[in-house]
Amino acid sequence: MFTPSHNKMANQQKVNLGRLLYKRLSREMKITANPKEKLYDTPVFQYIANQFREHQVTTQKLCKGQNEVMMVGQTYLCMLESLRKSEELAQMYKTTERSIEQSANLVGLKLPTVDH
Amino acid sequence: MAAPMNTCKHLIRTLTRIRKPKPINVCFIRKYKTGGEFLYSVQDPLLNSHWLSQNKTGQELKKFYKNASIVQNQGWFEVNLDQRKLRTPTGNLFQVPSEPLALAIATEWNSQKETIKRQAMHLTTLSNTVLDNPMQRSRGDIVRGVLHFLETDTILYRSTEPQEFLELQKQEWDPVLKWFRSSYQVELDSTTSLMPPEIPENTEEVITRKVNSLNDWALVGFQYGVENLKSIILMLAITDKRLTVEKAVQLARLETLYQTKIWGNVQWHHDVDIYQLQSRVAAAALFVHWCSNDMATTHKTTYSNQT
């Protein structure tokens, strides 16, 4: 059932997914990282690069399933992307709360003055 | 001769003060009781306010450091903001048992722009919860809190109308339920009534054992994930690498998804909800993975003294 060509294709798909993940992770890290520093030098990026290098042959570290390390990478990517997008939406839709005086002015009223 | 010596000393002191105009911080020496021993720690009260998002006047805290890095110290990983060690809100030293977790936390701190937004730093918050245990929860408390969600698990509750939604639930939730049953060798049925389904004893036992097998750190992360997804089964699917976070969040919000398809999506409400949920659950999943025994270097039990 699993012919050598089938395996080859599955492997190629895995490699492509890996490349895509790597690209997206790098993009996210570039966006959120310090612009002064080169991304390559940061310890975080080196860790990610090492992980990719180490697990080239197989990502099955524990008995928990295939592509385990990939899924961790995808989860981290999901977290970074979601944080960025929720921040963007917050910026897009942010409003300032009206002060009491402004709210009163909406209906044509003025705040009462207090005599000290 | 006392007088010239004193003036000499005074002169030197003022000269050095001019050269180094650093304010002199008053430091306390505080006794911390940890597990029966007394530890002494030097604590800077001026610095303590830095570990909250607001200073004393309630304004937002500006980013007060340039770079966050990690150091390894006796098997634990600490985060340094410039030269200062990161601390928890109660002043404890911030330590995590896993290197990738420390790196990710340092990245969280590095990602802050001008002000510090603690609500976006989920991994830091989770670590602080484990280290400080602000609600004095024991392991039993947390496990009980998680198990509480078993009988109200989202994917067990099916609504019978509309018919299309019933089909959608079967299509999306049944495969996960099937995987759960076969993977853990338990029986669990979905229900269409308002009453919670009956949980067989064996199921409860198996799940309790599974949740209890997590160490203190992973347990806190797991509980946070279950709380957000409102489902143990979905969180287990994530930690067992059976579902992606995006898919699990989608399944947890299935009804909302169905309704927005019919009535339309409101970006500033629904999308914000999706992204916030995703970021929280992803943080929880990463926390569980990185703190699990095989990934972490040490296995300090913070709850061992409480029942």
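## A buried partner for Arg139(B)

Let's start with Arg139(B), which counts as partly exposed because its relative accessibility is 21%, just past the 20% under which a residue is called buried. This is a predicted model, so everything that follows describes a prediction. Arg139(B) forms a salt bridge with Asp216(B), and the closest N and O atoms are 2.8 Å apart. The two residues come from distant parts of the chain: Arg139(B) belongs to helix 5 (residues 139–147) of chain B and Asp216(B) to helix 8 (residues 216–229) of chain B, 77 residues apart.

How accessible is Asp216(B), buried or exposed? With a relative accessible area of 2%, Asp216(B) is buried. The pair therefore joins a buried Asp216(B) to a partly exposed Arg139(B).

## Two salt bridges from helix 6 of chain B

Asp174(B) forms a salt bridge with Arg158(B), with 3.1 Å between the closest N and O atoms. Asp174(B) sits in helix 6 (residues 163–184) of chain B, while Arg158(B) sits in the loop between helix 5 and helix 6 of chain B, so this contact ties together parts that are 16 residues apart in sequence. Here the acid is the partly exposed partner, since Asp174(B) has 30% relative accessibility. Arg158(B), at 7% relative accessibility, counts as buried.

Helix 6 of chain B also holds Glu172(B), and Lys247(B) lies in helix 10 (residues 245–252) of chain B, so their pairing ties together parts that are 75 residues apart in sequence. The side chains of Glu172(B) and Lys247(B) meet in a salt bridge at 3.1 Å, N to O. Lys247(B) is partly exposed, with a relative accessible area of 29%. For the wider picture, the count over all chains comes to 11 salt bridges.

## Where chain A meets chain B

How many salt bridges run between chain A and chain B? The count there is zero. Polar contacts between the chains come to two residue pairs, both at pLDDT 80 or more. At least two residues of the side of chain A that touches chain B come from each of helix 1 (4–32), helix 2 (43–54) and helix 3 (68–92) of chain A. Helix 3 of chain A gives the largest share of that side, 15 residues. Sorted by type, the side of chain A that touches chain B has 16 nonpolar, six polar and six charged residues.

In terms of extent, 28 residues of chain A are in contact with 37 residues of chain B. About 2700 Å² is buried between the two chains, and carbon and sulfur atoms give 70% of that area.

## A hairpin in chain B

Now for some strands. Strand 3 (residues 68–73) and strand 4 (residues 76–81) of chain B run antiparallel and are joined by six bridges. One position to look at is Gln72(B), which stands opposite Phe77(B) in strand 4 of chain B.

Strand 3 and strand 4 of chain B form a hairpin, with two residues between them. In the turn, Gln74(B) has a positive phi of about 55°.

## Ser98(B), tucked into a loop

Ser98(B) is found in the loop between strand 6 (95–96) and helix 3 (99–111) of chain B. Ser98(B) is buried, with a relative accessible area of 1%. Which residue offers its backbone oxygen to the side chain of Ser98(B)? Trp290(B) does: its backbone oxygen lies 3.3 Å from a polar atom of the Ser98(B) side chain.

Conventions:
Residues numbered from 1 in each chain as written. Chains lettered and ligands numbered in written order. Heavy atoms only, no water. Pairing = 2+ DSSP bridges. Helix = DSSP H or I, 4+ residues; strand = E, 2+ residues; numbered from the N terminus. Contact = heavy atoms within 4.5 Å. Buried area = accessible area lost by both parts, 1.4 Å probe. Salt bridge = Lys/Arg side-chain N within 4 Å of Asp/Glu carboxyl O. Polar contact = N/O pair within 3.5 Å; in protein donor to acceptor, adjacent residues only side chain to side chain. Nonpolar A, V, L, I, M, F, W, Y, C, P; charged D, E, K, R; others polar. Buried < 20%, exposed > 50% of the residue type's maximum accessible area, 1.4 Å probe, protein only.
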